[in-house]
Amino acid sequence: QPRSRGLGDVYKRQRLRKRIRLCFGSSYQEIQAQLAPYGLTEDILPSELGGKVVLDHEAWFEARRREGK
C-alpha cells in the first residue's frame, strides 16, 4: 500500500534539489568549467574525471586495515 507523502518528504525533496547540480558537456574541460564555481577544481577531482588526483583503492584499504578501522 503506497504511503502518502507528508510535508517532511516534500521539504527533503526540495532541499535535495537545491544541492544537486547536473553538468553536461562533450569534454572534460567543459564539465570542469561548470564544476569550478562550486569549488570542484581539477586539483581535487579524480583522474578518471580529468582531474589530478590518482586514486589507489587497494592502498587506501590496506592503510585503513593497518589503522584498525
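# Charged pairs and an aromatic pair

Visitor: Are aspartate 43 and lysine 52 buried or exposed?
Guide: This is a predicted model. Exposed means over 50% relative accessible area. Aspartate 43 falls in that class, and lysine 52 does too. Both residues are exposed.

Visitor: How far apart are the closest N and O atoms of aspartate 43 and lysine 52?
Guide: A salt bridge needs a side-chain nitrogen within 4 Å of a carboxyl oxygen. Aspartate 43 and lysine 52 form one. Their closest N and O atoms are apart by 3.6 Å.

Visitor: How many salt bridges does the count come to?
Guide: The cut-off is within 4 Å, from a Lys or Arg nitrogen to an Asp or Glu oxygen. The bridge between aspartate 43 and lysine 52 fits that rule. By this rule the count comes to 4 salt bridges.

Visitor: Which residue forms a salt bridge with arginine 65?
Guide: Arginine 65 is exposed, at 54% relative accessibility. Its side chain meets a carboxylate partner at 2.4 Å, N to O. The two residues are 3 apart in helix H3, so about one helical turn separates them. The partner is glutamate 62.

Visitor: Where does the relative accessible area put glutamate 62: buried, partly exposed or exposed?
Guide: Buried means under 20%, and exposed means over 50%. Glutamate 62 has a relative accessible area of 30%. That value lies in between, so glutamate 62 is partly exposed.

Visitor: What is the N to O distance between glutamate 62 and arginine 66?
Guide: These two sit 4 residues apart in helix H3, so about one helical turn lies between them. Arginine 66 counts as exposed, at 60% relative accessibility. The side chains meet in a salt bridge, N to O, at 3.7 Å.

Visitor: Which residues are joined into one network by salt bridges that share partners?
Guide: Aspartate 43 bridges to lysine 52. Shared partners make this pair part of a network. The network joins Glu42, Asp43 and Lys52.

Visitor: What is the area of the nonpolar surface patch made by Leu16, Ile20, Leu22 and Phe24?
Guide: Leucine 16 has its place in helix H1, residues 7–19. It helps make the patch with Ile20, Leu22 and Phe24. The patch area is about 470 Å².

Visitor: Which class does the pair of tryptophan 60 and phenylalanine 61 belong to?
Guide: A search of the whole structure finds 1 aromatic pair. The ring centres of tryptophan 60 and phenylalanine 61 are 5.1 Å apart. Planes over 60 degrees apart count as edge-to-face. These planes are at 70 degrees, so the pair is edge-to-face.

Key: Residues numbered from 1 in each chain as written. Predicted model: local features only at pLDDT ≥ 70, side-chain atom pairs only at ≥ 80, totals over all residues. Heavy atoms only, no water. Buried < 20%, exposed > 50% of the residue type's maximum accessible area, 1.4 Å probe, protein only. Patch = residues over 30% accessible without salt bridge, like charges linked within 9 Å, V, L, I, M, F, W, Y side chains within 5 Å. Areas by Shrake-Rupley, 256 points an atom, 1.4 Å probe, with all protein chains shown as cover. Phe/Tyr/Trp six-rings, centres within 6.5 Å; stacked < 30°, edge-to-face > 60°.
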